[in-house]
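Biologist: I should like a close look at one part of this protein, followed by an account of what lies around that part. Please state the criteria behind each term as you proceed.

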Amino acid sequence: MHMNLLISKEVNTFRKDVLQGLQSTSKHLESKYFYDATGDQLFRDIMNCPEYYLTNCELEILKTQTAQLAAAIKSSAEPFDLIELGAGDASKSIYLLRYLLAQNHAFTYMPIDISGNVIAQLSNKLPALLPGLLINGLHGEYFEMLKKATTLSSRRKVVLFLGSNIGNMPLTEATIFCKALRSHLSIHDRLLIGADLKKDPKTILAAYNDKAGITKQFNLNLLKRINRELQADFDCNQFDHYACYDPENGACKSYLVSLQNQQITIDGAAPISFHKDECIAMEISQKFTVKQLDQLALDTGFYPVNHFFDDKEWFMDSIWEA
Ligand code: AVJ
């Protein structure tokens, strides 16, 4: 009973957000909804695409600078909670976790993810991979779960926000987000934040326009999810994927383009019309300069303490102190 209520509340929010996005003059959907079970798998496939350099760059940082990263997040011998926002499969953070365990450091790993599927898999698999790991998975929205984490313990917090997930927000929204994040932390808590850096525009565009078309499937999968969960009737063959990168403002954007005049229906709602060539804005992946990211820290109540780069300096993990 309780579970059914929870699920229907989630579906209601999903429905409200989708209708609001598709009924507005400039149609859009929220990329956080990409991640159902199929979306999780498609994102793992994207991470394996030769064009998608982000994962390998950040993995290189976590693999080759583990000790320095661990020293920078710990800052003292106190036990802490290691909270990861958007944990995914933890394939990057696992290097840090392993190192901290080997050092006998007292910490609890608290992965937060919007995907219940992701949290279930982590809770099943990680303890076997990392004996002795204390794990407390939290399924839900970042801030609701951060609040919950605060009620569960009053230990020092170290927050991981990897993968350039911060780039999924336009800069003004990212500023609001970081301020909200800061408000959930106490002085001297720390944040390890990953950000994709500005680079050759062709390299960036290729990462979001892979030859195998997995990014296209990743975007179309949200239409399939809407069909399934909201009883809608999108025809995925009638939408194409378009990605673009603006080197001036660093915004890489993904759209789905209607291939004809068409109408779609969602559940009980009024039909939604698409003109041929009308676009649905699906996702932003913001690229940063080092200076921009430092400024974001300073603007939101953090102090940037440390920068870690991969060899090509395509990606950066920064330590921010609250
Ligand atoms: C998981 C948000 C960092 O924006 O690069 C990958 C998601 N979208 N390919 C990104 C994504 C298309 C990814 N993030």
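Modeller: Strand 1 (residues 80-85) is largely enclosed by the rest of the structure, because six of its six residues are buried. A residue is called buried if 20 or more other C-beta atoms lie within 10 Å of its own, exposed if 12 or fewer do, and partly exposed in between, with C-beta atoms placed from the backbone. Strands here are DSSP runs of E with at least two residues, helices are runs of H or I with at least four, and both are numbered from the N terminus. The model is a predicted one, in which local features need pLDDT of at least 70 and side-chain atom pairs count only at pLDDT 80 or more, whereas totals for chains, interfaces and linings use all residues. Residue numbers start from 1 along each chain as its sequence is written.

In a regular strand the side chains alternate between the two faces of the sheet. In strand 1, F80, L82 and E84 point one way, while D81, I83 and L85 point the other way, and all are buried. The chain leaves strand 1, passes through helix 5 (residues 93-102) and reaches strand 2 in a right-handed β-α-β crossover. Right-handed signifies that, with the strands pointing away from the viewer, the path from the first strand over the helix to the second runs clockwise.

Strand 1 pairs in the parallel sense with strand 2 (residues 107-113) over six bridges; pairing requires that DSSP find at least two bridges between two strands. Within strand 2, T108 is the bridge partner of D81. Strand 1 also runs parallel to strand 5 (residues 156-161), to which five bridges join it. There D81 stands opposite K157, and E84 stands opposite L160.

Strand 5 is likewise largely enclosed by the rest of the structure, since five of its six residues are buried. Four bridges pair strand 5 with strand 6 (residues 190-196), again in the parallel sense, and F161 stands opposite I193 of strand 6. Strand 5 and strand 6, together with helix 8 (residues 171-183), make a right-handed β-α-β unit.

The ligand has its own surroundings. Its shell consists of I46, L54, G163, S164, N165, G167, N168, Y208, T215, F218, E283 and S285, a residue being near the ligand if its C-beta atom, placed from the backbone, lies within 6 Å. Helix 10 (214-230) and strand 11 (279-286) are the elements that give two or more residues to this shell. By type, the shell divides into four nonpolar, seven polar and one charged residue; Ala, Val, Leu, Ile, Met, Phe, Trp, Tyr, Cys and Pro count as nonpolar, Asp, Glu, Lys and Arg as charged, and the others, Gly among them, as polar.

N209 lies in the loop between helix 9 (201-207) and helix 10. With 18 other C-beta atoms within 10 Å, N209 is partly exposed. Apart from neighbours within four places in sequence, N209 is in contact (C-beta atoms, placed from the backbone, within 7 Å) with T215 and A243.

As for the whole, the protein has eleven helices and 13 strands, and 37% of its 322 residues count as buried. Of the contacts with a separation of 6 or more, 74% are between residues 24 or more positions apart. The radius of gyration of the protein is 20 Å, which agrees with the value near 20 Å for a compact globule of 322 residues; the radius is taken over C-alpha atoms, and the globule rule is 2.2 Å times the number of residues to the power 0.38.

Terms used. Two residues are in contact if their C-beta atoms, placed from the backbone, lie within 7 Å.
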